[in-house]
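Hi,

Here's the structure I said I'd pass along. Have a look at it first, and my notes are underneath.

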Amino acid sequence: MAQIVFLPHAELCPEGAALEAKPGETVLDVALRNGISIEHACEKSCACTTCHIIVREGFYSLKESDELEDDMLDKAWGLEPESRLGCQARIADEDLIVEIPKYTVNMVSEG
């Protein structure tokens, strides 16, 4: 099992979190299962950018993004070279440190 460390986020996890993750799970699924309510307006279908994350450590252990994810990421707020969509980033066997951006392009949060 790998560990995902979520850096503190003022609204979603103010103290941060260290969570266990099984290989093959997505970062988004691990977060949601543990009460970190990262937005996912398209219900994990890679059709929006609301689950945008930045992988601060362990980025290269993730399976490479495909063209669809790259196209969607181009629309994300605060894009960085280590940006991924949480619904597409599948954990391998290496620990990750993940930052949840402060903002998304979603104008209306359903939460």
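Below is what I found, going from the core to the charged pairs and then to a couple of loop residues.

One thing to keep in mind: this is a predicted model.

Let's begin inside. The largest nonpolar core has 27 residues. The ones with the most contacts inside it are Ile 4, Phe 6, Val 27, Ile 36, Ile 38, Ile 91 and Leu 96. Two or more residues each come from strand E1 (2–6), strand E2 (17–21), H1, E3, H2 and strand E5 (96–99), and H1 gives the largest share, four residues. That fits a general habit: in soluble globular proteins, nonpolar side chains tend to be buried together.

If you want one core residue to click on, try Ile 91. Leaving out residues up to four places away in sequence, Ile 91 touches a list of residues that includes Ala 2, Ile 4, Val 27, Val 30, Leu 62 and Leu 96. Some of its other contacts are not nonpolar, among them Lys 22, Glu 25 and Thr 26.

Now the charges. The structure holds five salt bridges. Three of them caught my eye:

- Lys 44 pairs with Asp 29, with the closest N and O atoms 2.7 Å apart. Lys 44 sits in the loop between H1 and E3 and Asp 29 in helix H1, 15 residues apart. Both ends are partly exposed, Lys 44 at 35% relative accessible area and Asp 29 at 27%.
- Glu 80 pairs with Arg 56, again with 2.7 Å between the closest N and O atoms. Glu 80 is in the loop between H2 and E4 and Arg 56 is in strand E3, so this bridge ties together parts that are 24 residues apart in sequence.
- Arg 56 also pairs with Glu 99, at 2.7 Å between the closest N and O atoms. This one links strand E3 to strand E5, 43 residues apart.

Because the last two share a partner, Arg 56, Glu 80 and Glu 99 end up in one network. Arg 56 is partly exposed at 36% relative accessible area, as are Glu 80 at 29% and Glu 99 at 25%.

Finally, two loop residues. Thr 50 lies between helix H1 (27–33) and strand E3 (52–57). Is Thr 50 buried or exposed? Thr 50 counts as buried, at 5% relative accessibility, and its side chain reaches the backbone nitrogen of Ala 41 at 2.9 Å.

Trp 77, in the loop between helix H2 (67–73) and strand E4 (83–85), is partly exposed at 45%. Together with Tyr 103 and Val 105, Trp 77 makes a nonpolar surface patch of about 320 Å².

Cheers

Note on methods: Residues are numbered from 1 along each chain as its sequence is written. This is a predicted model: local features need pLDDT of at least 70, side-chain atom pairs count only at pLDDT 80 or more; totals for chains, interfaces and linings use all residues. Side-chain values use heavy atoms; hydrogens and water are left out. Patches are made of residues with over 30% relative accessible area and no salt bridge: like charges are joined within 9 Å, nonpolar side chains (Val, Leu, Ile, Met, Phe, Trp, Tyr) within 5 Å. Accessible areas come from the Shrake-Rupley method with a 1.4 Å probe; for residues, only the protein chains shown count as cover. A salt bridge is a side-chain nitrogen of Lys or Arg within 4 Å of a carboxyl oxygen of Asp or Glu. Buried means under 20% relative accessible area, exposed over 50%, partly exposed in between (1.4 Å probe, protein chains only). A polar contact is a pair of N or O atoms within 3.5 Å; within protein, one must be able to donate a hydrogen and the other to accept it, and residues adjacent in sequence count only if both atoms are side-chain atoms. A nonpolar core is a set of buried Ala, Val, Leu, Ile, Met, Phe, Trp, Tyr and Cys residues joined through side-chain atoms within 4.5 Å. Contact means heavy atoms within 4.5 Å.
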